[in-house]
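Hi everyone, thanks for coming. Let me put the model up on the screen, and then I'll walk you through a few spots in it.

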Amino acid sequence: MAIKFIDLFAGLGGFHQALRQRGGQCVFASEVDPKLSSLYEKNFGIPPWGDIRKIRPSAIPDHDVLCAGFPCQPFSKAGDQKGLKCPQWGDLFSYVVRILEAKGPRYFIIENVPNLVRHNNGKTWDTICDQLRVDYNISFEKLSPHMFGIPQKRERTFIVGDRQGLKGFRWPLTDKMPDLSIRTVLDDSPKDALVLNKDHINYLETWQEFISAFPPDEDFPSFPIWAMEFGANYPVDGLTPYRRGYTKLGAFRGAFGQPLKNLSPGNVAEALPGYARTKRDTFPRWKINFIQKNRAFYTRYQELIDGWLNKVRVFPPSFQKLEWNCKDSERNIWKHLLQFRASGIRVRRTETAPSLIAMTTSQVPIIAWQKRYMTPRECSRLQSMGMLPNLPDSKGSAYRAFGNAVNVDVVLNIFDALVTRPNFGDRKAN
């Protein structure tokens, strides 16, 4: 008899795709987003329920496995950090618990962001685990697709539970990571790819000029390069410029070495890097560290930098920064993966893609050697969803949906470890 499962907060149906590969039968799904709900029905033939808060738990069909990737925004570092008190999503976990209490499935598999464990100094995690342990033996682990041969580093927290105990359960971990390459998920010059515009190409060519001029026998900086700190010496220890008072900074230089003497307070603020205009009392230590490293770097390589600096100072602020995460690799931007982030242009090795993110579509991985962004279909492969028949109808919607999705292959490995253990007992729904 087929294992019956339900798919809560279903999104693109990552849980569905995984369990269906093991012969599972989905008897209920929920998804509040109408476009994703319609797409789910189109892909799987099941019309999902909308808001899970508007159905009685007892009305949900009997099932063996509850699957849920409840909304992560309240717990994500990139979100508002309101946790279980978030008025929009914070109470959704309690509905998962109510369904477990009402229907008593044998197993559950729950997914969320890694920060769930640390949120509110661990108190949120303790609350969640205490509620789950009432009727289940539980275990949790942080897993990423790259651990299973998928070229994406995207760590997520998974929690599993079994009403009959977890004897014999082992998380699917390995000491030996597989050799990976982003090229395994790429198409050859796809026609629907969004290409870099001329401004982006100019930004990258300008930074490549800087990289190429750097002495080849010396280590290229591993810390973020902030070009606006080249020539700057405004104070960073003690009070911030705002707390010191902009009228007291006349003896210093701002971004790119601009003198602050005889400037009005408003012009002083404009002459400082955006991050230096904070109204906090002090800069965080990590920021002081980056600033000091950049100033020391400029002092050492001023002759190399000065002839190039005017080219980058006209760029938008986020393109005045470079993060080189390719130590010991070829110093050629066009041979690597890129991301355009608020923190700067990030250059990465080609072994794995960065984590797909739902909250912004501006960080979609860039295939530098083809001067283009990854396509939605390529992103689907990063989530082990390459065979999904239908994708969202716009690139932005697709990128967001994949950023929210659970990876199919990761779930598949968890399911095999949890449900196909020897002597796992009766699989029939309660």
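When I say buried, I mean under 20% relative accessible area, with exposed being over 50% and partly exposed in between, using a 1.4 Å probe on protein chains only. This is a predicted model, where local features need pLDDT of at least 70, side-chain atom pairs count only at pLDDT 80 or more, and totals for chains, interfaces and linings use all residues. Residues are numbered from 1 along each chain as its sequence is written, and side-chain values use heavy atoms, leaving out hydrogens and water.

Let's start with Glu 229, which is buried at 0% relative accessibility. Its side chain makes a polar contact with the side chain of Tyr 275, at 2.7 Å; that term means a pair of N or O atoms within 3.5 Å, and within protein one must be able to donate a hydrogen and the other to accept it, while residues adjacent in sequence count only if both atoms are side-chain atoms.

Now, helix H8, residues 285–312; helices here are DSSP runs of H or I with at least four residues, strands are E runs of at least two, and both are numbered from the N terminus. H8 bends by about 90° at Tyr 301, the angle between axes fitted to the seven residues ending there and the seven starting there. Tyr 301 is also among the buried residues of H8.

Finally, how many disulfides does a search of the whole structure find? Zero, taking a disulfide as two cysteine sulfur atoms within 2.5 Å. The sulfur of Cys 67 is 8.4 Å from the closest cysteine sulfur, in Cys 26, so that is too far for a bond.

Notes
Expected span 1.5 Å × (residues − 1).
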